[in-house]
Amino acid sequence: MDYNYEQTPFSKSVFTGLFAGLATTLCCLVYDFIYRYNTGFTLSAIINVASIIFACNVILVACGMLYQAFRKTIKGGGVVFIVLFTALSLFCLWKAAGVQRSPIESVSVQFRGLLMGVIAITGASISFLVPYLYHSKKFAEHVI
């Protein structure tokens, strides 16, 4: 029996956002592990496993719903969404480049590298993975 995800207004976008969130979470966790292993960075009060898991999934589900809302309410909403979230991601990367986490400069530099990597992965997922999965027929047939 096939489930018709079009029955509820945001179900396709929620499933798309959830799947993209899980993929993003895995990518961010792998990046976090490799980055910390290679740099020896140990501070984990802000960016840690729990915050990555929670933030990535909540943000991507919300962005999946936003993508649907953009498509339904704005002419060319998909393109507007991609441009808007690409610009927002670049802005966040620019602001993260100036973050001062600690009075010790090397700690701040390491934190910036970790933060900017997580922002880049998340921003790319929002801007490109969500729209791609939303329109993928194979994703709809085999995953949703």
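Where in H4 is the kink centred? The legends below take that up along with a few other close-ups, and the model throughout is a predicted one.

**View 1. Helix H4 and its kink.**
The kink in H4 is centred on serine 125 and comes to about 35°. H4 covers residues 105-135, and with 31 residues at 1.5 Å each it should span 45 Å; its end C-alpha atoms sit 44 Å apart, which agrees. So the end-to-end length of H4 fits the expected span, with the kink at serine 125 included in the picture.

**View 2. The whole chain, for orientation.**
Going from the N terminus, the elements read α-α-α-α-α, which is to say 5 helices and 0 strands. Along the principal axes, the C-alpha atoms fill a box of roughly 55 × 35 × 20 Å. Of the 144 residues in the chain, 38% are buried. Take the contacts with a separation of 6 or more: 71% of them link residues 24 or more positions apart.

**View 3. The surface and its charges.**
About 8500 Å² of the chain is accessible surface, and carbon and sulfur atoms account for 72% of that. The chain carries 10 positive and 5 negative charges, and the mean positions of the two sets lie 9 Å apart.

**View 4. Helix H1 and the glycine after it.**
H1 runs over residues 11-39. Its 29 residues should span 42 Å at 1.5 Å a residue, and the end C-alpha atoms are 41 Å apart, so the two agree. Just after H1 comes glycine 40, with a positive phi near 75°.

**View 5. Threonine 25, looking from H1 to its contacts.**
Is threonine 25 buried or exposed? With a relative accessible area of 5%, threonine 25 is buried, because the cut-off for that class is under 20%. Threonine 25 belongs to helix H1. Once neighbours within four places in sequence are set aside, the contacts of threonine 25 are Ile52, Ile53, Cys56 and Asn57. Helix H2 takes in residues 49-73, the stretch to zoom in on for these partners.

**View 6. Glycine 64 in helix H2.**
Glycine 64 sits in H2, residues 49-73. Its relative accessibility is 1%, so glycine 64 counts as buried. Which residues does glycine 64 touch, not counting those up to four places away in sequence? They are Ser13, Gly17 and Val130. For a sense of scale, glycine 64 and alanine 50 are 14 residues apart in sequence, and their C-alpha atoms are 21 Å apart.

**View 7. Methionine 65, right beside it in sequence.**
Methionine 65 is also placed in helix H2. At 32% relative accessibility it counts as partly exposed, whereas glycine 64 counts as buried at 1%. Methionine 65 and valine 14 are 51 residues apart in sequence, yet 6.0 Å separates their C-alpha atoms.

**View 8. Glycine 113 in helix H4.**
Back in H4, this view is centred on glycine 113. Leaving out neighbours within four places in sequence, glycine 113 is in contact with two tyrosines, Tyr31 and Tyr35. A general point helps when reading a pair like this: an α-helix has 3.6 residues a turn, so residues three or four places apart point the same way. Phenylalanine 81 is 32 residues from glycine 113 along the chain, and the C-alpha atoms of the two are separated by 27 Å.

Terms used. Residues are numbered from 1 along each chain as its sequence is written. This is a predicted model: local features need pLDDT of at least 70, side-chain atom pairs count only at pLDDT 80 or more; totals for chains, interfaces and linings use all residues. Side-chain values use heavy atoms; hydrogens and water are left out. Helices (H or I, at least four residues) and strands (E, at least two) are DSSP runs, numbered from the N terminus. The expected span of a helix is 1.5 Å times one less than its number of residues. The bend at a residue is the angle between axes fitted to the seven residues ending there and the seven starting there. Buried means under 20% relative accessible area, exposed over 50%, partly exposed in between (1.4 Å probe, protein chains only). Contact means heavy atoms within 4.5 Å. Accessible areas come from the Shrake-Rupley method with a 1.4 Å probe; for residues, only the protein chains shown count as cover. Lys and Arg count as positive and Asp and Glu as negative; His and the chain ends are not counted. The place of a charge is taken as NZ of Lys, CZ of Arg, CG of Asp or CD of Glu.
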